[in-house]
Amino acid sequence: MLLRGGGKISVAPWFIENKSTYKQAPIFLFKDPYRGLLSDSGIVLYIYLYNLSQLSYENSQDGKYWVNRSGEVFVHCTLEAVQQCLRCGHDKAAKVLKELEGAVLIKKLSPGNGRPAEIFLLPPK
């Protein structure tokens, strides 16, 4: 890559090789009104769910496994998975999920019978 002054810049190999291990963060999370509504844990969890939703969408192209009858993409996410993501206990994981529901960023449907919840990401308002 060339710079304006004619110099060269090289991109570190780790940057190119590991780009798939980095998660995208939707910019709207860092702006009002969401920045005032969400805790740091809420932002981290939304980013985690956002990236899981992208994977669900990509995997649904073949067999529609992660898309409901209305065409909405969802993820299966247990409270234990949220606890692992945030490295927290049961109460905090439940609180952060409620926080995202309260901000109208996710819709959670519990199918019952011990099955994991279906979580739908909602567009920002």
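**Exercise 1. The loop after H5**

Task: Find where Val104 lies in this predicted model, and decide whether Val104 counts as buried, partly exposed or exposed.

Solution: Start with the place. Val104 sits in the loop between H5 and strand E2 (106-109). Now look at the backbone: phi of Val104 is near 55°, a positive value in a residue other than glycine. Last comes the surface. Partly exposed covers the range between under 20% and over 50%. With a relative accessibility of 37%, Val104 therefore counts as partly exposed.

**Exercise 2. Another positive phi, and a cis bond**

Task: What is the phi of Arg87, and is Arg87 buried or exposed? Then say which peptide bond is cis.

Solution: Take Arg87 to begin with. Arg87 belongs to the loop between H4 and H5. Its phi is near 55°, which is positive although the residue is not glycine. The relative accessible area of Arg87 is 80%, and exposed means over 50%, so Arg87 is exposed.

Now turn to the cis bond. The peptide bond from Asp32 to Pro33 is cis, and its omega is near 5°. Pro33 is in the loop between H1 and H2.

**Exercise 3. Reading the order of elements**

Task: How many helices and strands does the chain have, and in which order do the elements run?

Solution: Count by type: there are five helices and three strands. Then walk along the chain from the N terminus, where the elements run α-α-α-β-α-α-β-β. To see how the chain comes together, look at contacts between residues at least 6 apart in sequence: 46% of them join residues at least 24 apart. Of the 125 residues in the chain, 30% are buried.

**Exercise 4. Two helices that meet**

Task: At what angle do helix H4 and helix H5 pack, and which residues make the contact?

Solution: Begin with the geometry. Helix H4 (residues 79-86) and helix H5 (residues 90-102) pack at an angle of about 100°, and their axes are 9 Å apart. Angles of 65 to 115 degrees count as roughly perpendicular, so H4 is roughly perpendicular to H5.

Next, list the partners. H4 brings Leu79, Val82, Gln83 and Leu86, while H5 brings His90, Ala93, Ala94, Val96 and Leu97. Finally, sort them by class: the contact has seven nonpolar residues, two polar ones and no charged ones.

**Exercise 5. Inside the core**

Task: Which residues have the most contacts inside the largest nonpolar core, and which element gives the most residues to this core?

Solution: Here is a useful idea to keep in mind: in soluble globular proteins, nonpolar side chains tend to be buried together. In this model, the largest nonpolar core has 24 residues, and those with the most contacts inside it are Leu38, Leu45, Leu49, Leu100, Leu105 and Ile119. The elements that supply two or more residues to this core are helix H3 (40-63), strand E1 (75-77), H4, H5 and strand E3 (117-121). H3 gives the most, with five residues.

Now zoom in on one of these residues. Leaving out residues up to four places away in sequence, Leu45 touches Val82, Cys85, Leu86, Val96, Leu97 and Leu100.

For practice with a residue of helix H3, try Ser53. Ser53 has a relative accessible area of 11%, and buried means under 20%, so Ser53 is buried. With the neighbours up to four places away left out again, Ser53 touches Val73, Val75 and Leu121.

**Exercise 6. Aromatic rings**

Task: How many aromatic pairs does a search of the whole structure find, and how are the rings of Phe28 and Tyr46 arranged?

Solution: The search finds four aromatic pairs. For Phe28 and Tyr46, the centres are 5.8 Å apart and the planes stand at 80°, so this pair is edge-to-face. The pair links distant parts of the chain, 18 residues apart: Phe28 is in the loop between helix H1 (13-17) and helix H2 (34-37), and Tyr46 is in helix H3. Phe28 is partly exposed at 21% relative accessible area, whereas Tyr46 is buried at 3%.

Compare Tyr46 with Tyr50. Their rings form a stacked pair, 6.4 Å centre to centre with 25° between the planes. Both lie in helix H3, four residues apart, about one turn of the helix. Tyr50 is partly exposed, with a relative accessible area of 25%. To finish, put the pairs together: ring pairs link Phe28, Tyr34, Tyr46 and Tyr50 into a cluster.

Note on methods:
Residues numbered from 1 in each chain as written. Predicted model: local features only at pLDDT ≥ 70, side-chain atom pairs only at ≥ 80, totals over all residues. Heavy atoms only, no water. Axes fitted to C-alpha atoms, helices over the stretch in contact; angles between N-to-C directions. Parallel < 35°, antiparallel > 145°, perpendicular 65-115°, else oblique. Contact = heavy atoms within 4.5 Å. Nonpolar A, V, L, I, M, F, W, Y, C, P; charged D, E, K, R; others polar. Core = buried A, V, L, I, M, F, W, Y, C linked by side-chain atoms within 4.5 Å. Buried < 20%, exposed > 50% of the residue type's maximum accessible area, 1.4 Å probe, protein only. Phe/Tyr/Trp six-rings, centres within 6.5 Å; stacked < 30°, edge-to-face > 60°.
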